[in-house]
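Me: Got a minute to go through this structure with me? I'll throw short questions at you.

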Amino acid sequence: MKDLTRYRNIGIFAHVDAGKTTTTERILKLTGKIHKIGEVHDGAATTDFMEQEQERGITIQSAATSCTWDDHRLNIIDTPGHVDFTIEVYRSLKVLDGGVGVFCGSGGVEPQSETNWRYANESEVARLIFVNKLDRLGADFYRVVDQVRKVLGANALVMALPIGEEDGFNGIVDLMTEKAWVWDDSNDPEAYTISDIPDDMKEKAAEYREALVETALEQDDDLMEAYLEGNEPSIDDLKRCIRKGTIALDFFPTFCGSAFKNKGVQNVLNAVVDYLPNPTEVEPQPEVDLEGNETGSFAIVDADGPLRALAFKIMDDRYGALTFTRIYSGKLQKGDTVLNTFTGKTERIGRIVEMHADSREELDVAQAGDIVALLGMKNTQTGHTLCDPVNPATLEPMVFPDPVISVAISPRDKAGAEKMGIALSKMIAEDPSFYVETDEESGETIMRGMGELHLDIKVDILKRTHGIDVDVGKPQVAYRETITKRIEDTYTHKKQTGGSGQFAKIDYTIEPGEVGSGYEFESKVTGGNVPREFWPAVEKAFRVSMDEGTLAGYPLLDVKVILTDGSFHAVDSSAIAYELAAKAAYRQSVPKAVPQLLEPVMKVDVFTPDDHVGDVIGDLNRRRGMIKSQEAGITGVRVKADCPLSEMFGYIGDLRTMTSGRGQFSMEFSHYAPCPSNVADQVVQEVKERKAAKS
């Protein structure tokens, strides 16, 4: 039986290029898991094992590994920072007990940091903060801490102060022990000395330690009372209070260092053990029924309990599909038969492996608290629950964002056409934010994703991993439609073809719904004019019809349908008759309700050097962007704006040209907004032309 109190399931997350993978690499070296450090910029990092990751120097998929520190087992997931792969962060946070948020010492709280932090808040994951890259030009630990408090609204509990700035950064002051850790210039993580705090930092260290002690002791009234009477708390008491406050999300212990220069990583590892929760200290996962309603039961972390496990990631490699699984309760043995509550079918566990990036170690048994990969699962997808067939239950499923961009692809040869379907089905299983569909009219294969880079990587994987060359069409925007006017209308469906016929009459109102409400249906029929058993048929027909708007064929959003009255025939009325009536009513009334085209608007965050700010803002204005704010930093300016996705294709190339290669940007979906009439007319015209060309 494993001691779960010595387990830590943690994720490392941050904005792109803040140093997550480098930090993970240092942790693996310090814990003895690897003997040679691999660098991201050399394409040699352990957790970046995909060809595309090594070439581009970015993390694309989350990678799991495990190691040991201070007799504690750490299961670590290194996640991507790029906004197009946010899904990887979301699903990793869903199954982790704690996290380390890495922030760049010069970049500070960047856009993707905000998104990841929001996901972590939603998942109620306890976190540490590591302010990295303090050896870089413009790095400022105190400014980043201030940003964490203001931008993220997070209570950063400063645990360490940097010694030296930028090139002169060479160590940290540990506020708990009131000692200085100073590293030499050899870049050896073990080459440090512990000494007294430098004289010029004693005053600042005393000020920050006092704040640390006061914040920590708020967790224990007796200790706080003793402290106010002049009794200094012990280190063990302080650690206990900080652990309690961290798990309760009252504050986030904040450390500093430079992972690349091997400075300050040990302190983060010590903090993971001291302050982040073990699997038994986290709120248990709620169990839900098949409709997604909470049952009031919980998956208590207990190796002797009934099996409860969540599949959070599928990865296809040369040995077959790996199903990454977090076990919340019970045990899992090789050869066991488990129930998948989503499919209602049982599956047999072929093999259980513990992952270290892309290498693996075979296990015979895994238990509550473990994160393992399973081989041989045929029908299990991301978000499915695996449980004991005798004692079934479903864990809260994952919700994934809808894609905002699509491209058409077609294989260049017949051999590719045969392989492409199999390859795409594997890629869909791996990535729930990636959709593939076939255009019924043209027969084209359409890929949908979260951004240009996302789809670019998918095309690259098709080519390299599966050996399929494809031609890629122009990116298409996922427009939506809505209505702007309330319409009261009636429709009668009659059909007589010898014998019993079909009859259904409905009176209804179609009106604009609240923004973000999707589709709502209500029946106000009284007196049985439309029998209650036919209401679901009317509701379903309107809902299905909403998939295709009457303006340009895009799905209809934010519409409320109210069934007000109608009539029926004792013999000729049926559910199918009412369904046909509602479908025809939709086609009749929506064009009268003044439909309007909606376009996806992106939250854009652009970094530019000072001397190019005017050019960047002018260009965003030309792209119909709405400038929200400008923030001056040491090395440049961050411009935040809302821009329509249709205007942002190819933006990175234009930005680099404008800023001599020094500009950067990121964007994520924000909301749908009405299209200007000239843009809407053009989109509708293009859709008509495409349909005409296909016919």
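Me: Start with phenylalanine 252. Buried or exposed?
Reply: Phenylalanine 252 is buried, with a relative accessible area of 5%. Keep in mind that this is a predicted model.

Me: Which residue forms an aromatic pair with phenylalanine 252?
Reply: Tryptophan 117 does. The pair is edge-to-face, at 4.9 Å centre to centre and 70 degrees between the planes.

Me: What makes that edge-to-face and not tilted?
Reply: The angle between the planes is 70 degrees, and edge-to-face means over 60.

Me: Where do the two residues lie?
Reply: Tryptophan 117 is in helix α4, residues 111-123. Phenylalanine 252 is in strand β11, residues 252-256. The pair therefore ties together parts that are 135 residues apart in sequence.

Me: And tryptophan 117, buried or exposed?
Reply: Tryptophan 117 counts as buried, at 2% relative accessibility.

Me: Which residues form the aromatic cluster there?
Reply: Phe103, Trp117 and Phe252 form one cluster.

Me: How many aromatic pairs in the whole structure?
Reply: The search finds 11.

Me: Rings and charges next. What sits over the ring of tyrosine 142?
Reply: The charged end of lysine 204, 4.0 Å from the ring centre. Lysine 458 has its charged end over the ring of phenylalanine 434, 5.2 Å from the centre.

Me: Zoom out. How many helices and strands does the protein chain have?
Reply: 16 helices and 38 strands. The chain has 695 residues, and 54% of them count as buried.

Me: What about exposed area?
Reply: About 30,300 Å² for the protein chain. Carbon and sulfur atoms supply 48% of that.

Me: And contacts along the sequence?
Reply: Take contacts between residues at least 6 apart in sequence: 71% of them join residues at least 24 apart.

Me: Now the four-strand open sheet. What's the order?
Reply: β31-β32-β34-β33, with mixed pairing.

Me: Which strands stand at the edges?
Reply: β31 (487-495) and β33 (519-523). Each has a single partner strand, so one side of each is left without a neighbour in the sheet. From one strand to the next, the twist averages 25 degrees.

Me: How many bridges join β33 to β34?
Reply: Five, and the two strands run parallel. β34 covers residues 559-567. Within β34, isoleucine 562 is the bridge partner of glutamate 522.

Me: Where does helix α12 lie?
Reply: Helix α12, residues 535-545, lies across β32 (502-512), β33 and β34. Against β33 it runs at about 155 degrees. Helix α13, residues 575-589, also packs on the sheet, touching β31, β32 and β34. The direction of α13 makes about 40 degrees with that of β32.

Me: Different helix. How many residues of α9 are buried?
Reply: Nine of the 11 in α9 (residues 265-275), so the helix is largely enclosed by the rest of the structure. Val265, Leu269 and Tyr275 are among the buried ones.

Me: Last one. Where is glycine 473 found?
Reply: In the loop between β28 (470-472) and β29 (476-477). Glycine 473 counts as partly exposed, at 32% relative accessibility.

Me: What is glycine 473 in contact with, beyond its neighbours within four places in sequence?
Reply: Val407 and Ala408. As for serine 410, its C-alpha atom is 8.5 Å from that of glycine 473, with the two residues 63 apart along the chain.

Notes: Residues numbered from 1 in each chain as written. Predicted model: local features only at pLDDT ≥ 70, side-chain atom pairs only at ≥ 80, totals over all residues. Heavy atoms only, no water. Buried < 20%, exposed > 50% of the residue type's maximum accessible area, 1.4 Å probe, protein only. Contact = heavy atoms within 4.5 Å. Areas by Shrake-Rupley, 256 points an atom, 1.4 Å probe, with all protein chains shown as cover. Pairing = 2+ DSSP bridges. Axes fitted to C-alpha atoms, helices over the stretch in contact; angles between N-to-C directions. Phe/Tyr/Trp six-rings, centres within 6.5 Å; stacked < 30°, edge-to-face > 60°. Lys NZ or Arg CZ within 6 Å of the ring centre and 35° of its normal.
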